[in-house]
Amino acid sequence: MTDQSWRAPILHVDMDAFYASVATRDRPELADVPVIVGGGSRGVVLSANYLARKSGVRSALPMTRARRLCPHAVVIPPDFETFGQVSASVMECFRRVTPIVEALSLDEAFLDVRGATRRLGSPAEIAEQVRTTIHDEQGITCSVGVAATVSVAKLASRRAKPDGVVVVPPAQVTAFLHPLDVGELWGVGEKTRDMLHRLGLVTVGDVAHTPVQTLQRVVGHQLGGHLHDLAWGTDRRALTPRAGPHEPDRSMGADETFARDTDDPEVIRRELLRLSSRVATRMRTAGVAGRTVTLKVRFADFTTLTRSRTLPEATDVTVEIHHTATSLFDALGLQRARLRLVGVRVEGLVPRETVHRQLVLGERDHGWADADRAVDRATRRFGNAAVRPASLLRPA
DNA sequence: TCTGGGGTCCTAGGACCC
DNA sequence: TCTGGGGTCCTAGGACCC
């Protein structure tokens, strides 16, 4: 297989057990111990090293179950600041290989290396160079999938784990894809997998040989067409590098699970204020404003609902977001139902300078926006705890 | 003490406008 | 008098990803 057969070789680079690897890389005493990175009592597993995985611990598993499966595991709380720093260094390393890098998350990225083969060698050789560099510079391992499309490269990197490389040349794509379970496909989760299985579509090959119209009737127009492409390895999604002038987020939100379920309206209202303030601060830092405020409520039995309201004008003002969220909450008319979580999200974000507020006579928004900016300045100088609404102050 | 927190995209129905 | 379709916005929910 020569390099010329690759129209545009794509690398998918995925760190192995990223959070756990970073958390233990400077702690040799944890090298031979099962390690779980995860949150508090009501949290889930964010990452587990391969020793812990031997006991059945997986990402997203409730911590309570993880501890039961692996009682001797060392549990480390996540340190996202460090994860972010390591991630930035890793992405920088990728950009030394090619400018066409699409970061999918902190710990994985696609690299289009079509412009790098003359300089650095075959895609497989580039993959090994990347792995060596990451290991030498960051002290962690990664796995790389190489293919002509992003979706196949992504599946290949999973097959390469841990600490390996898998190359799927164009001529071998269907031989690689078709034996896989449909649930392996990127975008097919538990529900869709079950639905396809019930119809007798178990492998990717089964899906490939099903008429598109049939798939679309079962899983919807969009996904049906997409599945067919994935099953033949023909999706041609191009990389969208985030390096340059990247498009703003479409929404920003914050939600939090209470340490204990609560039915206290005052506790809930205060939490909505905290979350609104957090979201609005991030929006102002990013220089965006949004029109649609969405409230999320999760009950003790885990059922979840959302309510949203679209405002006449986009806002980044804490008080407006909080007011909208509480008004949506009040409209639910909950009679002291026990809540597990509340959340606030603002959607339809646009750059703030494109928002021209219509000043209504007597409106006091101006004052609130000014107050927010004063809070932002104080927070930047004195830290997060410096300024907060009176209702969020703890009684001494 | 089962089930986090950050997102994206799609679907479907109703309102409303032309 | 009766019949109509398309486009866009809004809302709610759901599936999925890391």
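This report describes aromatic rings, charges placed over rings, and one annotated residue in a predicted model.

The count of aromatic pairs in this model comes to six. In one of them, the ring centres of phenylalanine 80 and phenylalanine 83 are 5.7 Å apart and the planes stand at 90 degrees, so this pair is edge-to-face, given that planes over 60 degrees apart count as such. Both phenylalanine 80 and phenylalanine 83 belong to helix H4 (residues 80-97), where three residues, or about one turn of the helix, separate them. Phenylalanine 80 is partly exposed, with a relative accessible area of 45%, whereas phenylalanine 83 is buried, with a value of 2%. Together with Phe18 and Tyr19, Phe80 and Phe83 make up one aromatic cluster.

Rings also meet charged side chains, and the table lists two cases in which a charged residue lies over the face of a ring.

| Charged residue | Ring | Distance from the ring centre |
|---|---|---|
| Arginine 53 | Tyrosine 50 | 4.5 Å |
| Lysine 154 | Tryptophan 186 | 5.5 Å |

Lysine 154 is also one of the residues that glutamate 108 touches. According to an unreviewed UniProt entry, the annotation "active site" covers Glu108. Glutamate 108 is found in strand E6 (residues 108-112), and with a relative accessible area of 13% it is buried, because a residue counts as buried when that area is under 20%. When residues up to four places away in sequence are left aside, the contacts of glutamate 108 include His12, Val13, Asp14 and Met91. With histidine 12, the contact is also a polar one, made between the two side chains at 2.6 Å.

Technical notes:
Residues are numbered from 1 along each chain as its sequence is written. Chains are lettered from A and ligands numbered from 1 in the order in which they are written. This is a predicted model: local features need pLDDT of at least 70, side-chain atom pairs count only at pLDDT 80 or more; totals for chains, interfaces and linings use all residues. Side-chain values use heavy atoms; hydrogens and water are left out. Rings of Phe, Tyr and Trp (its six-membered ring) pair if their centres lie within 6.5 Å; planes under 30 degrees apart count as stacked, over 60 as edge-to-face and the rest as tilted. Helices (H or I, at least four residues) and strands (E, at least two) are DSSP runs, numbered from the N terminus. Buried means under 20% relative accessible area, exposed over 50%, partly exposed in between (1.4 Å probe, protein chains only). A charge sits over a ring if NZ of Lys or CZ of Arg is within 6 Å of the ring centre and within 35 degrees of the ring normal. UniProt positions are given in the numbering used here, feature names are shortened, and annotations may be inferred rather than shown by experiment. Contact means heavy atoms within 4.5 Å. A polar contact is a pair of N or O atoms within 3.5 Å; within protein, one must be able to donate a hydrogen and the other to accept it, and residues adjacent in sequence count only if both atoms are side-chain atoms.
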